[in-house]
Amino acid sequence: MIFTTIRSFLLARNIQYILISFLFSFVSSQNTLNGVAAVVGENIITHMDVYQQMSILEEQGKISPDKYLETELLVLESMIDRLVLLDFAERDSMIYIDDNEVNSQIELQIDNFIGRLGSIQAVEEYFGEDINMIKKNYWKEVYESMLIERYKYSLVSGVDVGKKEVEFFYLEYKDSLQKVPININVDIVNIAFLPSPETINRVLDR
């Protein structure tokens with residue numbers, strides 16, 4: 001939703017960007033993994049990039065076999081959305097990410113990996129690289145993510161949403177909103193029970 005809103009906002013401002021998408025039939029995409037799936041600005045998304053993301057989702061059990069193609073198209077769309085935002089963020093001279101900020105964020109991620117895997121050695125074995133190379137490989141990804149997040153914030157930071165806006169949005173898009181399952185609150189009261197001597201004797205006599 002946020003990507004769709006931001007993309008519409010950018011188009012409404014008549015900001016020009018290069019976005020050329022080549023959507024192929026992904027049924028045969030495994031034979032063309034190095035083929036181009038989309039070009040956003042100067043960035044290229046290959047079928048291999050999409051395939052790698054799909055592999056991660058498969059490992060996490062987040063892909064239903066009957067919706068594989070649909071999920072693959074959604075993954076590609078998400079990757080395009082990210083690069084569109086990155087393209088705008090890189091052009092915005094008001095947005096700046098300091099190297100120290102990136103390094104601090106990388107250290108937090110490395111600490112998270114160590115916490116999950118148990119040690120630096122385990123992290124290195126998992127990635128197949130020493131810790132310094134892992135940090136180096138993550139630098140560009142972390143930098144771009146921070147750049148995108150800061151750009152998204154610059155777009156919506158001055159936007160206030162009140163009750164009227166929520167009601168208008170609901171009336172406008174209620175047919176396309178997912179149904180929210182019914183929630184039931186159940187309170188359980190636990191009362192301590194201490195049997196009387198008569199009850200204890202009666203049970204023991206059986």
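**Helix H6, a hairpin and the nonpolar core**

Let me start with helix H6, which bends by about 35° at Trp 139. I should say at once that what we are looking at is a predicted model.

H6 runs over residues 131–156, and at 1.5 Å a residue its 26 residues should span 38 Å, which agrees with the 36 Å that separates its end C-alpha atoms. At the N-terminal end, the helix is capped by Asp 130, with a side-chain oxygen placed 3.0 Å from the backbone nitrogen of Asn 132. Among the buried residues of H6 are Ile 131, Ile 134, Tyr 138 and Val 142 towards the beginning of the list, and Tyr 151, Lys 152 and Leu 155 at its end, with Glu 144 also counted as buried.

Turning to the strands, S2, residues 36–40, is mostly covered, since four of its five residues are buried. S2 pairs with strand S3, residues 43–46, in the antiparallel sense over four bridges, and Val 40 stands opposite Asn 43 in S3. The two strands form a hairpin with two residues between them, and in that turn Gly 41 has a positive phi of about 60°.

How many residues does the largest nonpolar core have? That core has 33, and those with the most contacts inside it are Ile 45, Val 50, Leu 76, Ile 80 and Tyr 151. Two or more residues each are given to this core by S2, by helices H2 (47–59), H3 (68–91) and H4 (99–117), and by H6, while the largest share, ten residues, comes from H3. As a general remark, nonpolar side chains in soluble globular proteins tend to be buried together.

Note on methods: Residues numbered from 1 in each chain as written. Predicted model: local features only at pLDDT ≥ 70, side-chain atom pairs only at ≥ 80, totals over all residues. Heavy atoms only, no water. Buried < 20%, exposed > 50% of the residue type's maximum accessible area, 1.4 Å probe, protein only. Pairing = 2+ DSSP bridges. Expected span 1.5 Å × (residues − 1). Bend = angle between axes of the 7 residues up to and from the residue. Polar contact = N/O pair within 3.5 Å; in protein donor to acceptor, adjacent residues only side chain to side chain. Core = buried A, V, L, I, M, F, W, Y, C linked by side-chain atoms within 4.5 Å.
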